[in-house]
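Dear colleague,

I am passing on the structure below, followed by an account of what was found in it. Please have it open while you read, since the notes go residue by residue.

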Amino acid sequence: MTREDKSIAIQDLTAQLADTKVIYVADISGLNASTTSDLRRACFKAGIKLEVVKNTLLAKAMETSENEYGDLPSILKGNSAIMIGEAANGPAKIIKEFRKKGDKPILKGAYINEEVYIGDNQLESLVAIKSKEEMIGEIIGLLQSPAQRVISALTNQNKDEE
């Protein structure tokens, strides 16, 4: 890879990082072709972009980015793939699902809405993060609950009066 190619790759990665708030870094090395294909297919269906990257190029892209990645560049060792998505827990759910069949992919770290998570031990807490749609659904449910109780009480009161 020439210097010019590296520069272009860094610019592309920097642009990708600037456009997203959800980035997972995982180790998918050692997966056979079939499993890798299944992982890519699952990511595609979930709207997650999966891309194998060179650590040095990703580290430089993180340095030049306006986002603050904290200690995330320190985990860029060995093979690395980035998973970029919209839902904060989307990549974590896919990683967890694939781990039912084997020990990979391994979560190295994640950057979610300006928060940095380092280590595979963070996977369960990342799976538990609620998406925007899930939060809205819960809030609507909480708001509807008191109204439903009032309507139910009024309905029962009307039945008692009859």
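In this model, which is predicted rather than determined by experiment, Arg 41 forms a salt bridge with Asp 38, and the closest N and O atoms of the two are 3.0 Å apart. Both residues belong to helix 2, which covers residues 33-45, and they are placed three residues apart, about one turn of the helix. Arg 41 counts as partly exposed because its relative accessibility is 42%, a value between the limits of 20% and 50% that bound this class, and Asp 38, with a relative accessible area of 33%, is partly exposed as well.

This pair belongs to a wider set, as the structure holds six salt bridges, and two others can be described here.

Among them is the salt bridge between Lys 96 and Glu 124, whose closest N and O atoms are 3.2 Å apart. This pair links distant parts of the chain, given that Lys 96 sits in helix 4 (residues 90-99) while Glu 124 sits in helix 5 (residues 123-127), with their positions 28 residues apart in the numbering. Lys 96 has a relative accessibility of 31% and therefore counts as partly exposed, and Glu 124, at 48%, is likewise placed in the partly exposed class.

Glu 51 and Lys 49 also form a salt bridge, in which the closest N and O atoms lie 3.5 Å apart. For Glu 51 the relative accessibility is 25%, so this residue counts as partly exposed, and Lys 49, for which the value is 41%, is partly exposed too.

Away from the salt bridges, one further residue may deserve your attention when you go through the model. Where is Ser 29 found? Ser 29 is located in the loop that runs between strand 1 (22-27) and helix 2. Is Ser 29 buried or exposed? With a relative accessible area of 19%, Ser 29 is buried, because the class is defined as everything under 20%.

The side chain of Ser 29 is joined to that of Asp 27 by a polar contact of 2.7 Å. Once the neighbours within four places in sequence are left aside, Ser 29 is in contact with Asn 79 and Lys 104.

With best regards

Conventions. Residues are numbered from 1 along each chain as its sequence is written. This is a predicted model: local features need pLDDT of at least 70, side-chain atom pairs count only at pLDDT 80 or more; totals for chains, interfaces and linings use all residues. Side-chain values use heavy atoms; hydrogens and water are left out. A salt bridge is a side-chain nitrogen of Lys or Arg within 4 Å of a carboxyl oxygen of Asp or Glu. Helices (H or I, at least four residues) and strands (E, at least two) are DSSP runs, numbered from the N terminus. Buried means under 20% relative accessible area, exposed over 50%, partly exposed in between (1.4 Å probe, protein chains only). A polar contact is a pair of N or O atoms within 3.5 Å; within protein, one must be able to donate a hydrogen and the other to accept it, and residues adjacent in sequence count only if both atoms are side-chain atoms. Contact means heavy atoms within 4.5 Å.
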